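Biologist: I have a model open and want to talk through its inside. Can you take my questions as they come?

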Amino acid sequence: MDAAEERRLLVQEDGDHQALLLPSLDARLYTGDGSVDIKGRPAARRTTGNWPACFFILGTECCERLAYYGIACNLVTYLKMKLHQGNLEAARNVATWGGTCYLTPLIGAILADSYWGKYWTIAVFSSVYFIGLAVLTLSASVPALQPSPCSGSVCPEASLLQNGSFFLGLYMIALGTGGIKPCVSSFGADQFDDTDPTERVKQGSFFNWFYFCINTGAFISSTVIVWIQDNSGWGIGFAIPTMFMALAIASFLSASNMYRFQKSGGSPLTRVSQVITAAFRKWHVQVPHDASLLYEVQGQYSAIEGSRKLEHTSEFQFLDKAAIILDGDAKSDLLVNPWRVCTVTQVEELKIIVRMFPVWATTIIFGAVYAQFSVFIEQGMVLDRQIGSFNIPPASLLTFDGISVMIWIPIYDHVLIPIARKFTGREKGFSDLQRIGIGLVLSIVAMACAALVELKRLEIARSEGLIHDNVAVPMSILWQIPQYFFAGAAEVFTAIGQLEFFYDQAPDAMRSLCAAFALITVSAGSYLSSILLTIVSYLTTQGGDPGWIPDNLNEGHLDRFFWLIAGISFVNFLVYIGCAMRYKYKNV
């Protein structure tokens, strides 16, 4: 036995000490994934977690999403009608705010995985969320915090105080919702023991019903709340979401004794930095052919608290250098300096992140498609909204996105999965990557539908001589239903597929962070949409032309913008296929 092998065995023996101290627990009584109850005791199977605990988490998510969409659904209308912003500025502000809502999950994820845990992160950021909603309600209720109404075609600009109070509340909401979003879905999934085959199946179903609750909240917001905002006033229209957020907090806290908790494994960013640093320190060292010579502790669990071991993989061998033990790496007390030598599991954590990156990058375009809902609403404003004696608010068409999701989730769970299971032999029917790919195709169809509707709308505008009039054309707003329906179907496949993929493939101690990665695609897509709107506006308004998206859409070519998004999405889908075919799933 050589010296390197001797050092490896010595360090492994030390790693066993923690495992030897663990109590011998009856697997039939306690979970096998290392979860604990709120008092830090091993989680009992019968009295913690599972569906009873998840019902409260699902109720929390439903109320929180109702609050969020109660603001988001009609935000573009408020910016235009109350703060007197133009089409382009309003669409850009909505896209930027939406992007921020899906960028701030990084903050919540890092705090949850590193220090606070998911439960306390949700509790803290929910409070920030509630305060933001209260500020927003105040700005919409106090006359001094709103600009004067338009006088004919003259609309006074909002003052610094008026804009400041509104956007302060708006971005506190962005911080609050972003802080809790990566934690709620993963905290709900944590209520199922993935070492138990029965509970693992329930965990897969949880993500479907989690998204169902999201869209239940969105459905209520896009119908009842939007109607109240348009007909009864914005003050009461914002106050109702504020009250539902308070209900969400109460629902979440009321079931504290029923939850299962996963221990925080320390900062994932620190562990990633340690692997990179240790690997570069040994850039000149040859990686051994025998992977068993690489450093790893013995026992079921890794050196990372609350995390199981990951099997060594042959990809990205340069990173394996971080797990090579050299003279001087082991200290006299048999402990190692993590900035000089890392465990195989710690190295594999970083490899998983690197492997997931191409999949992550190719789903950003889906976020850009999702960001077009504000443009769909602007399109609806110049369609005929009168159905009998009822005037349909354009934002209410978002209802059909929610209806589509609520129709497709039971179909997917109870019809498509059993059929697919017969052909694929997979427990979940489709792989997560297949599910995401199907959704990307449906998102292209949604943009094509929007473009065709706009083509027909412009044709009617020309035939009726309405090109230079900023008025609605005699074409029913109900023609927008197909684009919303296909967008909803795309969400069921891609958005839920992302949640499952990033949770299932994430290392145990990085699940909140990886859930944040899934949400950041929405953020990146929103920012991409904002950039595309700016570029399109600049390029198409040269020489005095009104451009593709002017304030008077009858003079523009919104259809070309929709075709542009569809074309980019198609090219992106081809790239995604290549990335998905090369992806290798993790082994625990």
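Modeller: Start with the second largest cavity: α16 provides the largest share of its lining, four residues. Helices here are DSSP runs of H or I, at least four residues, numbered from the N terminus. A cavity is a set of points on a 1 Å grid over the protein atoms alone where a 1.4 Å probe fits but cannot get out, and lining residues have an atom within 4 Å of a point.

Biologist: What sort of model is this, and how are residues numbered?

Modeller: It is a predicted model, with local features needing pLDDT of at least 70 and side-chain atom pairs pLDDT 80 or more, while totals for chains, interfaces and linings use all residues. Numbering runs from 1 along each chain as its sequence is written, and side-chain values use heavy atoms, without hydrogens and water.

Biologist: How much space lies in the second largest cavity, and which residues are closest to its centre?

Modeller: About 260 Å³, as the space filled by probe spheres set on the grid points. Of its 20 lining residues, Tyr-102, Tyr-211, Ala-495, Leu-519 and Val-522 are closest to the centre.

Biologist: Which helices each supply at least two residues of that lining?

Modeller: α2, α6 (160–189), α7, α12 (364–370), α16 and α17. By class, the lining of the second largest cavity has 13 nonpolar, three polar and four charged residues. Ala, Val, Leu, Ile, Met, Phe, Trp, Tyr, Cys and Pro count as nonpolar, Asp, Glu, Lys and Arg as charged, the others as polar.

Biologist: At what angle do α7 and α16 pack?

Modeller: α7 (residues 197–231) and α16 (residues 481–505) pack at about 130 degrees, with their axes 10 Å apart. That makes α7 oblique to α16.

Biologist: Which residues meet there?

Modeller: From α7, Gln-203, Gly-204, Phe-207, Asn-208, Phe-210, Tyr-211 and Asn-215; from α16, Glu-491, Ala-495, Ile-496, Leu-499, Glu-500 and Tyr-503. Contact means heavy atoms within 4.5 Å. The residues of this contact are seven nonpolar, four polar and two charged.

Biologist: Back to cavities. How many of 30 Å³ or more are there, and how much space lies in the largest?

Modeller: A search of the whole structure gives ten, and the largest holds about 380 Å³. Its lining has 25 residues, with Tyr-68, Tyr-69, Ala-72, Tyr-370 and Phe-373 nearest its centre.

Biologist: Which helix gives the most to that lining?

Modeller: α4, with four residues. Helices that each supply at least two residues include α2 (50–72), α4 (87–101) and α17 (511–540). The lining of the largest cavity divides into 17 nonpolar, six polar and two charged residues.

Terms used
Axes fitted to C-alpha atoms, helices over the stretch in contact; angles between N-to-C directions. Parallel < 35°, antiparallel > 145°, perpendicular 65-115°, else oblique. 1 Å grid on protein atoms, 1.4 Å probe; cavity = no way out; pocket = protein on both sides within 12 Å on 5 of 7 lines; lining within 4 Å.
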